[in-house]
Amino acid sequence: MRHVDLTQLERKAWQSYHEDGLMETAFGLIVVTAFLASIADQYRYVAYVALLLIGPLLALAKRWITAPRLGAVEFGPGRKARKLRVVLFIAALVAATALLPLLLGGENWPSDHPTGMGFILGMLVVLAFSAIAYWLQLARIYLIGLIFGIAFGSSILLDMSLPLLVGGGTVLFFGLWRLTHFIQTNPKVSEGASDDA
Amino acid sequence: MTPDRLEDQPAPKSVTIDRLIHEPARLMIMSALYVVERADFLFLMRQTDLTQGNLSSHMNKLEAAGYIEVTKGFKGKRPHTMLRLTDSGRAALSAYRLQMEQMLQDLP
């Protein structure tokens, strides 16, 4: 008997396409760059520019590193809808975060209540990454969200940016380790090359 | 004389299995394409664990049957082949699944 579970097959194909470590590397870089921006007074704008470049660099890395090894694929409308849900949810969360101080009692509320703000920010970060993990069906992003939630929350509680470096550095290291493993286990294959190659 | 083994018994006349899809490698290719919009040759090779020669041979049979659409082009100087399940291929795989389910349900 041959049973074809198409849902599982689609999920396997989707997840295999995100086993390259690039997403973790990008998330780690974002938080490490946020740390650099917080300590580089005069050159802060350089860090902001670097932050904006991470998205396009991730897309290029997918094209140069992942596609020549795993091939190219366009997933179905279900996946596109899930991606759209993530984008809309994150946009709503960012808007809610911007309005949060006003709702809680004015612009000075965050600086007057670092414990509360640290806890709220940490929870928001965990919530954002949980949404990404849930809709994109990538379980390891829950863990990344937890690490970043602790990093952002404690950086406000302790009034120092070092937790961002620790959290971002950990995820960056994990991402680069996965990327190295991916490159080693998935050599480039050219269409039309010999089967024995 | 009654055949002893199940596989020696003739299939019931009411059940017609699409033999083109029934072949394991082609079933894998069809299934892999069923769950995506389109994919290239390399992606299918990775997903199905077939060799280039094997995949190419099955791809030609499925294309000849009108189940998949193959678009050949170049990426730089290298050949690049995109594959997509046609509407008739999608319908054929759905029908195949139904037939198999029906057949397995009817087993005593």
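**Entry 1: strands across the two chains**

Two strands count as paired if DSSP finds at least two bridges between them. I note at the outset that the model is predicted. I looked up how β1(A) and β1(B) are joined, and I found 3 bridges between them, with the strands running antiparallel. By the cut-off of at least two bridges, these strands therefore count as a pair. Which residue of β1(B) is the bridge partner of Phe75(A)? I recorded Val36(B) as that partner.

**Entry 2: the contact between the chains**

I then looked up the contact as a whole. On the side of chain A, 19 residues are in contact with 25 residues of chain B. Both α1 and β1 (73–75) of chain A supply at least two residues each to the side that touches chain B. Helix α1(A) gives the most to this side, namely 4 residues. I sorted the residues of this side of chain A by type and obtained 10 nonpolar, 4 polar and 5 charged.

**Entry 3: the largest nonpolar core**

Which residues of the largest nonpolar core touch the most other members? I found 29 residues in this core, and those touching the most other members are Met30(B), Leu33(B), Ala39(B) and Leu44(B). I also listed the elements that give two or more residues to this core: chain A gives α1 (6–16), while chain B gives α2 (24–34), β1 (36–40), α3 (41–48), α4 (52–64), β3 (78–85) and α5 (87–105). A second core, separate from this one, holds 25 residues, including Leu121(A), Phe129(A), Ile141(A) and Ala151(A). As a general remark, nonpolar side chains tend to be buried together in soluble globular proteins.

I followed Ala39(B) further. Leaving aside residues up to four places away in sequence, Ala39(B) touches Gly71(A), Ala72(A) and Val73(A) in chain A, and Leu33(B), Leu44(B) and Leu83(B) in chain B.

**Entry 4: the hairpin of chain B**

I next looked up strand β2 (residues 68–75) of chain B. This strand and β3(B) pair in the antiparallel sense over 8 bridges. Within this pairing, I noted that Thr71(B) stands opposite Met82(B) of β3(B). The two strands β2(B) and β3(B) form a hairpin with 2 residues between them. In its turn, Gly76(B) has a positive phi of about 70°.

**Entry 5: positive phi in chain A**

Most residues other than glycine have a negative phi. I therefore looked for exceptions to this general rule. Gln137(A) is not a glycine, yet its phi is positive, at about 55°. I located Gln137(A) in the loop between α6 (114–136) and α7 (140–157) of chain A. Is Gln137(A) buried, exposed or partly exposed? I recorded Gln137(A) as partly exposed, because it has 14 C-beta neighbours inside 10 Å.

Asp159(A), also not a glycine, has a positive phi of about 55°. I located Asp159(A) in the loop between α7 and α8 (162–185) of chain A. With 10 C-beta neighbours inside 10 Å, Asp159(A) counts as exposed, because the cut-off for that class is 12 or fewer.

**Entry 6: Thr97(A)**

I found Thr97(A) in helix α4 (residues 77–104) of chain A. Why is Thr97(A) classed as partly exposed? I counted 14 other C-beta atoms within 10 Å of it, and a count in between 12 and 20 gives that class. I also looked up Thr25(A), which is 72 residues from Thr97(A) along the chain; their C-alpha atoms are separated by 25 Å.

**Entry 7: each chain as a whole**

For chain A, I listed 8 helices and 1 strand. From the N terminus on, its elements run α-α-α-β-α-α-α-α-α. I found that the C-alpha atoms of chain A fill a box of roughly 65 × 40 × 25 Å along the principal axes. Of its 197 residues, 24% count as buried. Among contacts in chain A with a separation of 6 or more, 70% join residues 24 or more positions apart.

For chain B, I listed 5 helices and 3 strands, in the pattern α-α-β-α-α-β-β-α along the sequence. Of its 108 residues, 30% count as buried. Residues 24 or more positions apart account for 51% of the contacts in chain B with a separation of 6 or more.

**Entry 8: confidence in chain A**

Lastly, I looked up the confidence of the prediction. The mean pLDDT of chain A is 87, and 95% of its residues reach 70 or more. Where in chain A is confidence lowest, and where is it highest? I found it lowest in helix α5 (residues 109–112) of chain A, with a mean of 77, and highest in α8(A), at 95.

Note on methods
Residues numbered from 1 in each chain as written. Chains lettered and ligands numbered in written order. Predicted model: local features only at pLDDT ≥ 70, side-chain atom pairs only at ≥ 80, totals over all residues. Core = buried A, V, L, I, M, F, W, Y, C linked by C-beta atoms within 7 Å. Contact = placed C-beta atoms within 7 Å. Nonpolar A, V, L, I, M, F, W, Y, C, P; charged D, E, K, R; others polar. pLDDT = per-residue confidence, 0-100.
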